[in-house]
Amino acid sequence: VATEAELRRDFKQRYGRRATPGVLAVEREVCGANVGANGYTTIAQAGRLARVLRLRPGMTLLDVGAGTGWPGVWLAGNYGCEVVLTDLPASALRAARRRARKRRVSRLCRFAIASATQLPFRPRTFDAIVHTDVLC
Ligand SMILES: C[S@@+](CC[C@H](N)C(=O)[O-])C[C@H]1O[C@@H](n2cnc3c(N)ncnc32)[C@H](O)[C@@H]1O
């Protein structure tokens, strides 16, 4: 089992690398589009999460371990909810912020460097929480 420091180091390295055309092709094939995924959660599965959670404008969602913005930025763009995206490497959240800007959903997205094991939020801050491909 990796420690949090090891996780942070490994993912920091991963997020420091530019996605190659091959990596982007795999993401399109597996997930259904280039959405900034660093796992295997598909667009269909993210849509299912949104339906189960009844995401809609006015709701506030927490995306734990959001990496470079998947699925939080996509959910904000497609369902109009506000999203707080958290992760450990700052480089991941910088990429997520760029993705939100590109998708024109910056006003719906906030970013916080935070450990999933010690989230710095008060109880009842969020209407719903998602995490995709995060084990901690
Ligand atoms: C496999 S990636 C998945 C990223 C994104 N959710 C996706 O589906 O593309 C796992 C992410 O969880 C984050 N993570 C792992 N343990 C964490 C912890 N204890 N606190 C916060 N983030 C954590 C990693 O930094 C990484 O960005």
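The largest pocket in this predicted model holds about 1000 Å³ of space. Which residues are closest to its centre? They are Ala19, Leu24, Gly36, Thr68 and Arg99, out of 31 residues that line the pocket. If you want to find the walls on the screen, look for α1 (4–16), α2 (21–31), α4 (72–79) and α5, since each of these elements gives two or more residues to the lining. As for how one looks for such places, rolling a probe the size of a water molecule over the atoms shows where empty space is left.

Stay with α5 for a moment. Helix α5 covers residues 90–102, and it also matters for the next item, the surface charge. A positive patch on the surface is made up of Lys12, Arg18, Arg94, Arg97, Arg98 and Arg101. Which element gives the most to that patch? Helix α5 does, with 4 residues. Arg98, for one, is found in this helix.

Now two points about the backbone. Between Trp70 and Pro71 the peptide bond is cis, and its omega is near 0°. Pro71 sits in the loop that runs between β1 (60–64) and α4, and α4 is one of the elements I listed for the pocket lining.

The other point is Arg54. Its phi is positive, about 55°, although Arg54 is not a glycine. You will find Arg54 in the loop between α3 (43–53) and β1.

Methods: Residues are numbered from 1 along each chain as its sequence is written. This is a predicted model: local features need pLDDT of at least 70, side-chain atom pairs count only at pLDDT 80 or more; totals for chains, interfaces and linings use all residues. Side-chain values use heavy atoms; hydrogens and water are left out. Patches are made of residues with over 30% relative accessible area and no salt bridge: like charges are joined within 9 Å, nonpolar side chains (Val, Leu, Ile, Met, Phe, Trp, Tyr) within 5 Å. Accessible areas come from the Shrake-Rupley method with a 1.4 Å probe; for residues, only the protein chains shown count as cover. A salt bridge is a side-chain nitrogen of Lys or Arg within 4 Å of a carboxyl oxygen of Asp or Glu. Lys and Arg count as positive and Asp and Glu as negative; His and the chain ends are not counted. The place of a charge is taken as NZ of Lys, CZ of Arg, CG of Asp or CD of Glu. On a 1 Å grid over the protein atoms alone, a cavity is a set of points where a 1.4 Å probe fits but cannot get out, and a pocket is an open set with protein on both sides within 12 Å along at least five of seven lines; lining residues have an atom within 4 Å of a point. Grid points are joined across faces, edges and corners, and a volume is the space filled by probe spheres set on the points.
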